[in-house]
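User: I'm just starting to read protein models and I'd like a close look at one small part of this one. Could you walk me through it, and then show me how it fits with its surroundings?

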Amino acid sequence: MYHILFTLLFRRMDPERAHHLAFRWIRLVARVPVLRTFAAAALAPRHEELRTEAFGLRLHSPFGLAAGFDKNAVGIDGLAMLGFDHVEIGTVTGEPQPGNPRKRLFRLVADRALINRMGFNNDGSLAVAARLASRTPVFRTVVGVNIGKTKAVPEDEAVADYVKSAERLAPYADYLVVNVSSPNTPGLRDLQAVDHLRPLLTAVREAADRAVPARRVPLLVKIAPDLADEDVDAVADLAVELGLDGIIATNTTIARAGLGLTSDPAAVNETGGLSGAPLKARSLEVLRRLYARVGDRITLVGVGGIENAEDAWQRILAGATLVQGYSAFVYEGPLWGRAMHKGLAARLRTSPYATLADAVGADVRTTA
Ligand SMILES: Cc1cc2nc3c(=O)[nH]c(=O)nc-3n(C[C@H](O)[C@H](O)[C@H](O)COP(=O)(O)O)c2cc1C
């Protein structure tokens, strides 16, 4: 059904318009109590065995929605209704900004991939904090808040910009993510170098503690798949040193590996971050490397090219406690969450592991 709708309607439409239209429908359904109850029962049935814990939070399942879909925290309950058991909002920047000029989102349908150069279009940390403050949650889903640098802020003032967002948003965040890995803000990814990352993460940690003295808000960092292996190790070591709660691997890539011969050459040559199926192998590789380095000391979140339950299961075996996706949601539609839950529960049932936690990193532990 969704595939027909996608082919007939969304595929002909500009991808960003299609995103806004689909998201508006989701929010409309979620606003009507009888519809949302029916939709949640049909699309997000619970599988008790998938219940899990990450950085002290309890979740219905390890599966969630990656940052970038709900940049402004306008539709968290609609997304929870579709089976996303954590929703990472953002990236939110210190100040509001329009992002890059359109057109800035491209579909590579044959590759089940996207290229985007959105450039952190968002309402800014003040407005998003106000929206979260006034929210009355309908569904219990974990809300992650992903923060990044305002484009107009010079690089030597980046820390202050992140701190501003952290102070405003930490009170509403189940967990906070420092995004230093988007390819669409000039200079942002240089912040992944440990000399820059150490003061940044320290300052954000302090800001979150100042803003929320009663609760230690879990702090994570999101990294790029384009880091050299030694740099992945360096970030992992820094995360352990600073007592970080988690690492999200990975963001989109500036590489163009893994694309098929049938890819639309015009789209392939667009500047921006590539996501979806072609990212799968490298994201898995980075995750595996991180787990080999940090083991159970830090919670890992696997993202990048996850399309089905088998992909998610492979991430869990490679060390991910949580898994996220974005691009496959575009291609699979509202039934994606249901299929992921069902498939993951089946995987676990037929595995040698009693719980999901037992499966986390099992592949890396046996090959180490
Ligand atoms: C249109 C689009 C916008 C995105 N915006 C953000 C963002 O604002 N912040 C962020 O950390 N990641 C962002 N991402 C990256 C995703 O969160 C995710 O890391 C990446 O797409 C890989 O996962 P996927 O292959 O399942 O899409 C965006 C991705 C897409 C496709």
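At its relative accessibility, does Asp233 count as buried or exposed?

Analyst: Quick heads-up before we dive in: this is a predicted model. Now to your residue. Asp233 counts as buried, because its relative accessibility is 12% and the cut-off for buried is under 20%.

So what does that side chain do in there? Asp233 makes a salt bridge with Arg289, and their closest N and O atoms are 2.9 Å apart. Asp233 belongs to helix H8 while Arg289 belongs to helix H10 (residues 280–294), so this pair ties together parts that are 56 residues apart in sequence. The idea behind such a pair is simple: side chains of opposite charge can pair when their charged atoms come close. The two partners don't have the same kind of cover, though. Asp233 is buried at 12%, whereas Arg289 is partly exposed, with a relative accessible area of 32%.

This pair isn't on its own, either. Asp233 and Arg289 sit in a network of salt bridges that also links Asp229, Asp237, Arg282, Glu285 and Arg293. If you're clicking around in the viewer, try showing all of those side chains at once.

Now let's zoom out a bit. How many salt bridges does a search of the whole structure find? It finds 25. Two others make handy practice cases.

Take Arg189 and Asp226 to begin with. Their side chains meet in a salt bridge at 2.9 Å, N to O. Arg189 is in the loop between strand S8 (175–179) and helix H7 (194–211), and Asp226 is in the loop between strand S9 (219–223) and helix H8 (229–242), so here the pair ties together parts that are 37 residues apart in sequence. Asp226 is partly exposed, with a relative accessible area of 29%.

Next up are Asp209 and Arg205, whose side chains meet at 2.8 Å, N to O. This one stays inside a single element: both residues lie in helix H7, 4 residues apart, which is about one turn of the helix. Check the cover here too: Asp209 is partly exposed at 32% relative accessible area, while Arg205 counts as buried at 13%.

Charged residues also turn up in another setting. Glu155, Asp156, Glu157 and Asp190 form a negative patch on the surface. One of them, Glu157, lies in the loop between strand S7 (142–148) and helix H6 (158–169). Glu157 is partly exposed, with a relative accessible area of 45%. Patch members need over 30% relative accessible area and no salt bridge, so Glu157, at 45%, clears the area part of that rule.

There's a nonpolar patch as well. Leu5, Trp25 and Leu28 form it, with about 260 Å² of accessible area together. Trp25 is in helix H2 (residues 15–31) and counts as partly exposed, at 38% relative accessibility.

While you're scrolling through the backbone, keep an eye out for a few oddities. Phe55 has a positive phi of about 35 degrees even though it isn't a glycine. You'll find Phe55 in the loop between strand S1 (52–54) and strand S2 (57–59), and it is buried, with a relative accessible area of 14%. Phe120 also has a positive phi, near 55 degrees, and isn't a glycine. Phe120 is in the loop between strand S6 (113–116) and helix H5 (125–133), and it is buried with a relative accessible area of 4%.

Then there are the cis peptide bonds. The bond from Gly90 to Thr91 is cis, with omega near 15 degrees, and Thr91 is in strand S4 (residues 86–93). The bond from Arg102 to Lys103 is cis too, with omega near 5 degrees. Lys103 is in the loop between S4 and strand S5 (105–108).

Last, the wider setting of your salt bridge. An unreviewed UniProt entry annotates residues 50–348 as "domain: Dihydroorotate dehydrogenase catalytic". In the model, the end C-alpha atoms of that span lie 8 Å apart, and the span is 35% helix and 20% strand.

To come back to where you began: Asp233 counts as buried at 12%, and it forms a salt bridge with Arg289.

Methods
Residues are numbered from 1 along each chain as its sequence is written. This is a predicted model: local features need pLDDT of at least 70, side-chain atom pairs count only at pLDDT 80 or more; totals for chains, interfaces and linings use all residues. Side-chain values use heavy atoms; hydrogens and water are left out. Patches are made of residues with over 30% relative accessible area and no salt bridge: like charges are joined within 9 Å, nonpolar side chains (Val, Leu, Ile, Met, Phe, Trp, Tyr) within 5 Å. Accessible areas come from the Shrake-Rupley method with a 1.4 Å probe; for residues, only the protein chains shown count as cover. A salt bridge is a side-chain nitrogen of Lys or Arg within 4 Å of a carboxyl oxygen of Asp or Glu. Lys and Arg count as positive and Asp and Glu as negative; His and the chain ends are not counted. The place of a charge is taken as NZ of Lys, CZ of Arg, CG of Asp or CD of Glu. Helices (H or I, at least four residues) and strands (E, at least two) are DSSP runs, numbered from the N terminus. Buried means under 20% relative accessible area, exposed over 50%, partly exposed in between (1.4 Å probe, protein chains only). UniProt positions are given in the numbering used here, feature names are shortened, and annotations may be inferred rather than shown by experiment.
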